[in-house]
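Trainee: I have a new model open and would like to learn how to read it. Could you take me through it step by step?

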Amino acid sequence: MGQLDNQPDNAENREQQAAADLLQSMTESIEGIETLRHSLMTQFTQEIERLQQEKAQLTEEIKTLHDQRQQHLTQQPELESEIAQALANQLQDLLSQRLKQLAQSSETLSLDQTVGNHQQTIQEVVASLDNTLRITFRTLQQDLNSYQSSISQQLSQMYSLQEQGSVILETLVNRLKAEMPPLSSTPEPRAQIPPAAPNHLTLPPPDPDGSSPPSHQGEIVTSASQSPLPVVEPTQFQRRPQKQSTGKQLVGLVLVLLSLLAIAFENVFVNIIFNATASAGVSAPVGGFWLPTLGNALLVLWSRMLVVVPMAAILSWGFYPGVWRDIQQVVRSRNWGLFGTLVCSGFSVFLSKVLLYWALGIIAPGVAVIIFFIYPIVLLLLSDRFNRWSHFIPFAIVIAGFVLTTLPSGSGELSPFGVTLASGSAIAFALHLMFMQNLAKQLHPMPILLLNLAIVLIFSALGVMISFPASWGLVYAPSLGSNLMISGLVLGGVTLISYVFNTMGMKRVGAASASVLGATLPVLTALLAWILIQSPLTVSQIVGMVLVTIGVAALSILTIVR
């Protein structure tokens with residue numbers, strides 16, 4: 001019996017020892033990363049100093065060449081006058097010699113012959129002198145032109161080298177700005193600093209429109225015209241970040257929870273729009289404005305986006321003042337690959353929302369959201385990251401929860417069409433997250449969010465304008481105008497509230513904690529549906545909901561640990 005009593009203690013000691021070893025390993029890894037980052041920053045600083053010295057040297061050489069050119073241009077008239085004076089002196093000496101020879105020969109020649117020979121000799125001397133002067137000046141002009149052309153080429157090369165050095169230096173500075181965490185008086189926790197190019201799978205919680213909320217910590221530098229890199233001493237990168245206060249983290253968790261409650265209310269309200277339900281505290285049935293069809297789902301989504309897009313455009317400037325500048329740069333860049341990724345991302349959000357709204361009109365809100373939460377599994381498979389045994393257990397848990405949720409129950413068989421719609425919504429949302437991971441490397445999340453909202457509005461408006469078959473149930477009568485307006489205002493307002501709370505909460509607790517807490521959305525939706533519209537779940541569906549929540553939370557934790 002004593003040995004049996006000691007077995008739990010030994011197991012507990014082994015677990016504590018394993019946890020301590022794991023903590024020590026993580027601490028050593030973090031310290032190694034800090035050392036590596038400090039080494040890289042030191043090398044980058046030295047490289048910048050070297051480039052600045054070369055730039056200063058190039059500038060000094062250009063200035064010297066400018067001075068030499070000005071000096072030669074200044075001395076050119078003096079050289080020409082000296083050459084002319086030398087030629088004049090040479091001509092004078094030559095004429096004097098000729099005159100002396102003529103004077104000596106005049107004694108033996110007649111006067112007429114002397115005069116004729118003298119004139120002929122003078123003409124020959126003048127012609128020879130003229131040819132000599134022409135040849136000399138032509139040669140001098142060619143030398144000057146050649147020298148001037150050589151100086152111009154050297155100056156052009158110096159200017160080109162200076163521009164190349166400036167571009168290299170500016171590119172290096174911008175790369176350092178993109179890889180450096182933002183400096184503040186109170187450093188952020190270590191887990192909050194994202195890498196410049198993430199190489200692992202992330203499982204963000206689904207916000208109202210599927211885009212990761214903006215965070216200045218993840219801002220990507222997209223323009224070389226931004227402010228220069230601040231000069232920072234290397235010792236500032238050696239300081240360990242301080243932990244956030246417990247009160248700040250608690251407030252952040254509450255804000256994220258309120259954001260999730262707003263999303264859950266949106267799902268329940270969409271179900272009320274398509275189904276007349278006896279709500280709590282109301283005697284008469286509420287809702288059932290339209291039939292749950294594709295056309296009506298498009299109509300509801302369009303009314304919601306009419307409220308969300310302009311309000312989000314106004315609120316976005318408060319969270320990220322450079323949002324419109326980034327959008328203008330995207331439009332002017334004419335980067336068709338970026339445009340195509342943005343359109344695919346926005347269309348994936350649009351398709352996911354339409355299918356989810358359609359499914360919410362056919363099956364219970366809690367069941368629809370549980371099925372929708374298979375999107376992390378789809379994302380895991382699409383990203384080709386399902387190669388670790390640690391992923392197998394949460395993968396199996398989520399699949400088991402999905403199967404239990406969709407099993408036939410005694411209260412009535414679940415609509416296979418509704419299950420298909422919710423599953424399609426999850427697949428479309430996973431595709432959107434794949435596109436988002438590519439976009440996040442090039443743009444700040446805020447312009448991505450606004451562009452996605454605009455694309456969803458455009459596609460939903462096009463969907464409303466298309467003439468669908470009568471069997472699809474798109475009927476818009478004037479008497480339903482007030483219901484459509486109220487639906488759009490409620491859904492748009494709830495979406496904006498969820499977006500604001502989610503953004504403020506993630507700034508306090510970070511995306512990691514928000515991702516784990518986001519796994520509780522199926523529970524919150526089912527609970528809110530039970531309270532507001534008396535929509536209970538069966539025992540198998542409750543077990544499936546718990547399994548899906550645990551599996552998604554486990555995947556989020558594994559992502560954080562990696």
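Trainee: At which residue does α4 bend by about 30°?

Mentor: Before we start, this is a predicted model, so local features need pLDDT of at least 70 and side-chain atom pairs count only at pLDDT 80 or more, while totals for chains, interfaces and linings use all residues. Residues are numbered from 1 along each chain as its sequence is written, and side-chain values use heavy atoms, with hydrogens and water left out. Helices (H or I, at least four residues) and strands (E, at least two) are DSSP runs, numbered from the N terminus. A bend is the angle between axes fitted to the seven residues ending at a residue and the seven starting there; for α4, that residue is Ala-313.

Trainee: How far apart are the end C-alpha atoms of helix α4?

Mentor: The expected span of a helix is 1.5 Å times one less than its number of residues. Helix α4 covers residues 294–319, which is 26 residues, so it should span 38 Å. The distance between its end C-alpha atoms agrees with that: 35 Å.

Trainee: How many helices does the protein have?

Mentor: Read along the sequence, the pattern is α-α-α-α-α-α-α-α-α-α-α-α-α-α. The count of strands is zero, and the count of helices is 14.

Trainee: What percentage of the protein's residues count as buried?

Mentor: Buried means under 20% relative accessible area, exposed means over 50%, and partly exposed is in between (1.4 Å probe, protein chains only). The protein has 562 residues, and the share that counts as buried is 37%.

Trainee: Which residues of α8 are buried?

Mentor: Helix α8 runs over residues 375–382 and is mostly covered, with six of its eight residues buried. Their names are Tyr-375, Pro-376, Ile-377, Val-378, Leu-379 and Leu-380.

Trainee: Which residues form a nonpolar patch on the surface?

Mentor: Patches take residues with over 30% relative accessible area and no salt bridge, joining like charges within 9 Å and nonpolar side chains (Val, Leu, Ile, Met, Phe, Trp, Tyr) within 5 Å. Accessible areas come from the Shrake-Rupley method with a 1.4 Å probe, and for residues only the protein chains shown count as cover. One member, Leu-258, is found in helix α3 (residues 246–274), and it counts as partly exposed because its relative accessibility is 34%. Together, about 380 Å² of accessible area belongs to Leu-250, Val-254, Leu-257, Leu-258 and Leu-261.

Trainee: How far apart are the closest N and O atoms of Arg-50 and Glu-47?

Mentor: Side chains of opposite charge can pair when their charged atoms come close. A salt bridge is a side-chain nitrogen of Lys or Arg within 4 Å of a carboxyl oxygen of Asp or Glu, and the structure holds five of them. Arg-50 and Glu-47 both lie in helix α1 (residues 2–105), three residues apart, about one turn of the helix. They form a salt bridge, and their closest N and O atoms are apart by 2.3 Å.

Trainee: Which other residue, four residues from Arg-50 in helix α1, is separated from Arg-50 by about one helical turn?

Mentor: Arg-50 counts as partly exposed because its relative accessibility is 36%, and this partner is partly exposed too, at 38%. The closest N and O atoms of their salt bridge are 2.6 Å apart. Being four residues from Arg-50 in helix α1, the partner is Glu-54.

Trainee: Is Asp-326 buried or exposed?

Mentor: Asp-326 forms a salt bridge with Arg-325, the closest N and O atoms being 3.3 Å apart. Arg-325 counts as partly exposed at 37% relative accessibility. Asp-326 has a relative accessibility of 2%, so it counts as buried.

Trainee: Which residues is Glu-266 in contact with, leaving aside its neighbours within four places in sequence?

Mentor: Glu-266 lies in helix α3 and is buried, because its relative accessible area is 1%. Contact means heavy atoms within 4.5 Å. Glu-266 and Tyr-357 are 91 residues apart in sequence, yet 9.9 Å apart in space, C-alpha to C-alpha. The full list of contacts beyond those neighbours is Arg-304, Lys-353, Tyr-357, Leu-491, Val-494 and Thr-495.
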